[in-house]
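Work through the exercises below with the sequence and the model side by side. Try each task before reading its solution.

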Amino acid sequence: MQVSDLDFRELLSFSPSGGPIRFLGQRVLVVDSAAQGLLRKELIDLLGYSAARTVITRSAYAQGWRIAEMVRNELPEVFLHAKEGKVGPMLCALHGFGSILASQRTDGEGSAPLVTTSMVDSIEVEQHHLFFETSEDTVCWSFTGFASGYVSYIQGREVYFIEDKCCGKGDDCCRVIGRYKEKWGDELLPQLSYYQIKSVQTT
């Protein structure tokens, strides 16, 4: 299978009568956007903004990492092209994060980011607006965490994404930028707390 041949209908398997649903052979659960938005709200209300963002980001990071493993194991011919930067955006779209407008890839060793991806119709923006007004900060925590976990696995190095534009705060699109950890500098420091378990501890 080539990258261009990726088809959600072939990656997803289920029985018309119901029962287990599997993606790349692994069992998955379908959850609607409103329920996910309510979960986000409950986490914010219970834990606070930073801790809720940490839980969501860490979970999405693990999901992205796991998806990369699944692609390597189940679609090795596709995995061979993963570093070209075409597979990740397609998987994000297939998982329903939103509609990918553009995604650029470099070697990440110079001043240019390793990955720059723009998206509209973000499901997280939709979830956020169900319960909150326009945000002062970016809200695509799952998308950012997923991309960080997925690309870190693909590259075999720590890669972190930061969302610098978001429809949730009134921008025309949601844009995430990924760099190797050592290429970020001080800009990354406040973001790293969302990947550390200690930031979800409450008193």
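**Exercise 1: Two loops**

L24 lies in the loop between β2 and β3 (26-28). The model is a predicted one.

Task: Find the sign of phi at L24, and decide whether L24 is buried or exposed.

Solution. Step 1: phi of L24 is positive, about 50°, although L24 is not a glycine. Step 2: buried means under 20% relative accessible area. Step 3: L24 has 7% relative accessibility, so L24 counts as buried.

Task: Do the same for D121, starting with where D121 is placed.

Solution. Step 1: D121 sits in the loop between β5 and α6. Step 2: its phi is near 60°, again a positive value in a residue other than glycine. Step 3: exposed means over 50% relative accessible area. Step 4: D121 has a relative accessible area of 60% and is therefore exposed.

**Exercise 2: Helix α7**

Task: Work out what span the 15 residues of α7 should have, and compare that with the distance between the end C-alpha atoms.

Solution. Step 1: the expected span is 1.5 Å times one less than the number of residues. Step 2: for α7 this gives 21 Å. Step 3: the end C-alpha atoms of α7 are 21 Å apart, which agrees.

Task: State how many residues of α7 are buried, and which residue follows the helix.

Solution. Step 1: 15 of the 15 residues of α7 are buried, so the helix is mostly covered. Step 2: G156 follows α7, with a positive phi near 70°.

**Exercise 3: Helix α5 and its cover**

Task: List the buried residues of α5 (residues 87-94), then name elements that cover them.

Solution. Step 1: V87, G88, P89, L91 and C92 are the buried residues of α5. Step 2: their cover includes the strands β2 (21-23) and β4 (99-105). Step 3: the helices α3 (49-74), α4 (76-79) and α7 (141-155) are also among the covering elements. Step 4: just after α5 comes G96, where phi is positive at about 85°.

**Exercise 4: Three residues in helices and a strand**

Task: For H128, T116 and L47, give the element and the class of accessibility.

Solution. Step 1: H128 belongs to helix α6 (residues 123-131), and at 6% relative accessibility H128 counts as buried. Step 2: T116 is part of strand β5 (residues 115-120), and its 16% relative accessibility makes T116 buried. Step 3: L47 is in helix α2 (residues 33-47), and with a relative accessible area of 26% L47 is partly exposed.

Task: Which residues are in contact with H128 and with T116, leaving aside neighbours up to four places away in sequence?

Solution. Step 1: H128 touches R40, E133, S135 and V139. Step 2: T116 is in contact with A102, S103, Q104, R175, V176 and I177.

Task: How far apart in space are L47 and I21, C-alpha to C-alpha?

Solution. L47 and I21 are 31 Å apart in space and 26 residues apart in sequence.

**Exercise 5: The whole chain**

Task: Compare the radius of gyration of the chain with that of a compact globule of 203 residues.

Solution. Step 1: a compact globule with 203 residues would have a radius of gyration near 17 Å. Step 2: the chain has 17 Å, which agrees. Step 3: the C-alpha trace spans about 50 × 45 × 35 Å along its principal axes.

Task: Give the number of helices and strands, and the share of buried residues.

Solution. Step 1: there are 9 helices and 7 strands in the chain. Step 2: 43% of the 203 residues are buried.

Note on methods. Residues numbered from 1 in each chain as written. Predicted model: local features only at pLDDT ≥ 70, side-chain atom pairs only at ≥ 80, totals over all residues. Heavy atoms only, no water. Helix = DSSP H or I, 4+ residues; strand = E, 2+ residues; numbered from the N terminus. Rg over C-alpha atoms; globule rule 2.2 N^0.38 Å. Buried < 20%, exposed > 50% of the residue type's maximum accessible area, 1.4 Å probe, protein only. Contact = heavy atoms within 4.5 Å.
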